Amino acid sequence: MILHKNNINILAITLILLTFSTKMVAQLHLIPYPNNIELHNDTLTINHLNVKYNSALKNEFKELSAFAEELGLNISASHAKDYNLELGLDSNLSALCGEEGYVLDISKQKISITAPTSAGVFFGIQTLKQLYLKTSISTVGFPCVSVQDNPKFKWRAFMLDESRHFKGKEVVFDMLDQMSLLKMNVFHWHLTDDQGWRIEIKKYPKLTSVGGHRKDTQTNGVKSDKRTGKPHSGFYTQEEIKEVIAYAQKKHITIIPEIEMPGHATAAIAAYPWLGTLPKPIDVSVTFGVLPNIFNVTDPKVNSFLEDVLTEVIELFPSKIVHIGGDEVKFDQWKNSAQVQDWMAKNKMQSYPDIQIAFTNSMSKFIESQGYRMMGWNDVLGENLHHYNVEEGNTENNEKLAKSAIIHFWKGSQELMISALTKGHEVVNSQHNYTYLDYDFNSISLEKAYSFSPIPEGIDKKLESQVLGLGCQMWSEWIPTPEDLYRQVFPRIAAYAEVGWTNTSQKDFKRFQANLQTVKSNWEDTPYYVKNIKNDDYVNVTFSVDMNGSPYLKDLEGGKEMLTLSGTFKNVNTGADEYWHSDGVSLTDSDYNGIYTGNKLVLKNSKLSFVLLKSPDGSWDNHIKILGEDTCKNVTPEHNYNIQINSEDMKVFFKAEECLQL
């Protein structure tokens, strides 16, 4: 945390502090905002911290000491009566504060932070950090407040994908620091995928010596032929992972490892070809997207391999939960395998989702036998979510997922989530169109991120407790550097932190925006924050494609997929002409009503051309290119105008801050 220590006139600050009253609570720039807070008309001013603390709170005292050092304050431990800050534990507060809540009281004489657990005391210290006021070179002030606070959700997660682009432990330490300041408590670590295996497994060293390296890397989107021309590699030794876990534990952050299975398996199969169904070796993938390579889970040797891997993972991570992925499984290689077909007949399996569910249940039982729980993306339920498995949509699955599995929702309708809850599953809500940090700020604005509600509409109140909380995901296909990572994460991570902590009735986006200025001051002049400077030469265009009744759209069970709108624009940063393809505007039907929307910054008074890609059968293999150009005709009072592109069945609308005069 970087704190600004500008010298401030003592008299001016004193006059400002004297104006504090309970009506000015909104001026306390706190993120996430406390659920119960009262501001008193006074200020505590100190030049030294004399701390009394419970012996079980040594870690929290160290956290407080680091804060005091940043402020330039001397700090000492004391059991005498002259202490001015107390850290205490009180189990009687459990009913009021839960496992992570705290009571913070600042009077004219002292500061008290009390909680039922050390985690609560730690989070109380994070609130204290945001309350300090610089009063002179040698003293600091704190407004006198009474706070009784506890989080709305117990799962407040940030996910980092390091398979696609390995970042290294120093970047992970940075993110853990930033998470702790915002009271986030789960670090979801995506460690294996098609493009790299990033965790040392001692029994299978080739997973990192082979699977941790790729020869090249795709750029400019999943349909691009462009490559960096450079190899990419990296993995964590088990000792490094222990180091990261120990660091996170001091921040009261649980690390949930994700080991992908049965799909996203290219890197593992490249290391040990017998894990797959193909007759020849493959390389670690240099391209992104959904790849076909899949573990042959009908082979007992493959299942033994995965149990061996999970055994070493469980020995490393004390999280009591292991995430096995389970998403985006293409079944083609199983369909083309005689061994898989024989296994299906022998075991009376009716569908390929049945195979995945049976496999997932076997992994779940193994994980439970080790005293842990399994978690997976909601694909593991066996519902059809993807166009490439469209023929599976009408097949009844005989296998049912074990109720103990935690379902991580990222795609599909609210009804699917409610169905999972009704079946008894606990759920973490990470709907991609609200929580994916690799989506640009046009697709998921700060306000949209803040508006996210993990509780689905229409849910029975009795089921709400099964929604554990939310996760925000940083997928790294197109995020090669730490600077790219920080640009996408900040400041939106603060919005997700408040969504996870603050009760819905207490949320206020305007207040959040004002409070964000203080949090941003901790990121400015650091890699964590990139200022968004308004450029008056550009307008923000909202694209809307109405596909209702169109032959170009095929409805899919569980929601509708994305369209891609591509074209030629001026680069916002360089002014150069650019043709963008799949990294352009993704048009997402977030409400499942046949209306796809997206945004793009467009240079004023320039010609706009584009191509819309969509296939009538839900597959990209033979996609249709719908070309068009636009002129500024049919302008409505709201500055909307529509175009008919090669088909009367499809309408494309644009809405801008003003007419683009294209």
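Biologist: Leaving aside its neighbours within four places in sequence, which residues is Ser364 in contact with?

Modeller: This is a predicted model, with residues numbered from 1 along each chain as its sequence is written, and its local features need pLDDT of at least 70. Side-chain atom pairs count only at pLDDT 80 or more, while totals for chains, interfaces and linings use all residues, and side-chain values use heavy atoms, with hydrogens and water left out. Contact means heavy atoms within 4.5 Å. Apart from neighbours up to four places away, the residues that Ser364 contacts are Met374, Ala402 and Ser404.

Biologist: Is Ser364 buried or exposed?

Modeller: Ser364 is found in helix α12, residues 352-369; helices (H or I, at least four residues) and strands (E, at least two) are DSSP runs, numbered from the N terminus. Buried means under 20% relative accessible area, exposed over 50%, and partly exposed in between (1.4 Å probe, protein chains only). Ser364 has a relative accessibility of 1%, so it counts as buried.

Biologist: How far apart are the C-alpha atoms of Ser364 and Lys403?

Modeller: Along the chain, Ser364 and Lys403 are 39 residues apart. In space, their C-alpha atoms are separated by 10.0 Å.

Biologist: What share of the chain counts as buried?

Modeller: The chain has 18 helices and 28 strands. Among its contacts with a separation of 6 or more, 74% are between residues 24 or more positions apart. Of the 662 residues, the share that counts as buried is 57%.

Biologist: How many residues of helix α17 are buried?

Modeller: Helix α17 covers residues 492-501 and is mostly covered. Its buried residues include charged ones by class (Asp, Glu, Lys and Arg count as charged; Ala, Val, Leu, Ile, Met, Phe, Trp, Tyr, Cys and Pro as nonpolar; the others, Gly among them, as polar), namely Arg492 and Glu498. Of its ten residues, the number buried is ten.

Biologist: What is the class make-up of the contact of α2 with α4?

Modeller: The axes, which are lines fitted to C-alpha atoms over the stretch in contact, with angles from 0 to 180 degrees between N-to-C directions, lie 10 Å apart at an angle of about 10° for α2 and helix α4 (residues 118-131). Angles under 35 degrees count as roughly parallel, over 145 as roughly antiparallel, 65 to 115 as roughly perpendicular and the rest as oblique, so α2 and α4 are roughly parallel to each other. Glu60, Glu63, Leu64 and Phe67 of α2 meet Ser118, Val121, Phe122, Ile125, Gln126, Leu128 and Lys129 of α4. By class, this contact has six nonpolar, two polar and three charged residues.

Biologist: With which side chain does the side chain of Asn59 make a polar contact?

Modeller: Asn59 is found in helix α2, residues 58-71, and is partly exposed at 24% relative accessible area. Not counting residues up to four places away in sequence, Asn59 touches Lys250 and His252. A polar contact is a pair of N or O atoms within 3.5 Å; within protein, one must be able to donate a hydrogen and the other to accept it, and residues adjacent in sequence count only if both atoms are side-chain atoms. At 2.9 Å, the partner of the Asn59 side chain is the side chain of Glu60.

Biologist: How many residues apart in sequence are the parts that the pair Lys215 and Asp283 ties together?

Modeller: A salt bridge is a side-chain nitrogen of Lys or Arg within 4 Å of a carboxyl oxygen of Asp or Glu, and the side chains of Lys215 and Asp283 form one at 3.6 Å, N to O. Lys215 lies in the loop between β13 (213-214) and β14 (232-233), and Asp283 in the loop between α8 (266-271) and α9 (300-316). Lys215 is exposed at 61% relative accessibility, and Asp283 is exposed at 51%. The separation in sequence of the parts tied together is 68 residues.

Biologist: Which residue forms a salt bridge with Arg487?

Modeller: Arg487 is partly exposed at 33% relative accessibility, and its partner is buried at 15%. The two are three residues apart in helix α16 (residues 482-489), about one helical turn. At 2.9 Å, N to O, the partner of Arg487 is Asp484.

Biologist: How many salt bridges does the count come to?

Modeller: One of them joins Glu200 and Lys202 at 3.5 Å, N to O, and Lys202 is exposed at 54% relative accessible area. The count comes to 16.
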